[in-house]
Amino acid sequence: MNAVEPRVEADVLREDDGAVCYLTINRPNAGNSLSHATVEALLAQLESLRRHDRISVVVLTGAGTRFFCAGHDLREADPERDIEDGRDSAGHLADLVLAMRALPQIVIAKVHGIATGGGCQLVAACDLAIASREARFATPGVNIGLWCWGPMVSLTRCVTPKNAMNMLARGRLFDAEHAFRIGLVSEVVDAGALDATVRQVAEEIGSKSSYTLGLGKQAFYRQLEMTTEAALAYAGELSARNSQHHDAREGIQAFLEKRPPRWTGRGG
């Protein structure tokens, strides 16, 4: 009799529910840490979602109860590696952050537990983040002689410089209320309400035009890098383009007729 091969769980689980896609980092026994294979699996899912016209929201979370994501899998770190290998490792996670930003869907981090290092970077890189009161956040690289370089970039684009430095230089865990006060997360709820709150927010956003959400997200981040004058001109140009799309015309008509709109979305 042939031996039965043990079943290997996927590093990333996906569940689509209407306009919402739920992605779960599925390595609870390793703190949902980001191995090379896990990052590749996430990148593959994001690439697939870029072409999915009917998904408007992506919810990112971690399996188990303790960790959202513990960052880089240090078991893959090789102290003898050369500087090029180090660049490749950092670049891998950078690719993931950039893919999340380029995604037309709104990305929500659902943070039920600990988010450290690269995990904290993922929270900062998401468009929205909803956390349980039990969640904790840290950039602890400094504790082992490694500055959290990638998280630094995402943090400083999410919170004020002094709050980012406070996390980066101290390397300790901060609670969810602190994360909310500095702008790292957008909402904090009781642990028992996290699932329902995230679902409600995701479905509320998912009920909007996917075309409008995608155009708006792209413009939101691009205008942040512009002068006020350039940003206003850019917004005016996109406003004119948006108004010519079917969904804008349909939305106005539906409002006037007091009925739900019928969106065409990015596929229209």
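Okay, quick one before we start: when I say two residues meet, I mean contact, that is, heavy atoms within 4.5 Å. And keep in mind that this is a predicted model.

So, the helix pair. Gly118, Gln121, Ala124 and Ala125 on the H3 side meet Gly150, Pro151, Ser154 and Leu155 on the H4 side. Sort the residues of that contact by type and you get four nonpolar, four polar and no charged.

How do the two helices sit against each other? For any packed pair, you describe that with the angle between the axes and the distance between them. Here H3, residues 118–125, packs on H4, residues 149–156, at an angle of about 25°, and the axes are 8 Å apart. Angles under 35 degrees count as roughly parallel, so that's what we call H3 and H4. As for handedness, H3 passes H4 in a left-handed crossing.

Now over to the sheet. It's an open one with four strands, the order is S4-S6-S8-S9, and the pairing is mixed. Which strands are at the edges? Those are S4, 67–69, and S9, 174–175, and each of them pairs on one side only.

Let's zoom in on S4 for a second. S4 pairs with S6, residues 114–116, in the parallel sense, over two bridges. If you want a spot to click on, go to Cys69, which stands opposite Ala115 in S6.

And here's how the two parts of the talk join up: H3, the helix that packs with H4, also lies across S4, S6 and S8, that last strand being 136–138. Relative to S6, H3 runs at about 95°.

Technical notes:
Residues are numbered from 1 along each chain as its sequence is written. This is a predicted model: local features need pLDDT of at least 70, side-chain atom pairs count only at pLDDT 80 or more; totals for chains, interfaces and linings use all residues. Side-chain values use heavy atoms; hydrogens and water are left out. Axes are lines fitted to C-alpha atoms, for helices over the stretch in contact, and angles run from 0 to 180 degrees between N-to-C directions. Angles under 35 degrees count as roughly parallel, over 145 as roughly antiparallel, 65 to 115 as roughly perpendicular and the rest as oblique. A crossing is left-handed if the near helix is turned anticlockwise from the far one by less than a right angle, and right-handed if clockwise. Ala, Val, Leu, Ile, Met, Phe, Trp, Tyr, Cys and Pro count as nonpolar, Asp, Glu, Lys and Arg as charged, and the others, Gly among them, as polar. Two strands pair if DSSP finds at least two bridges between them.
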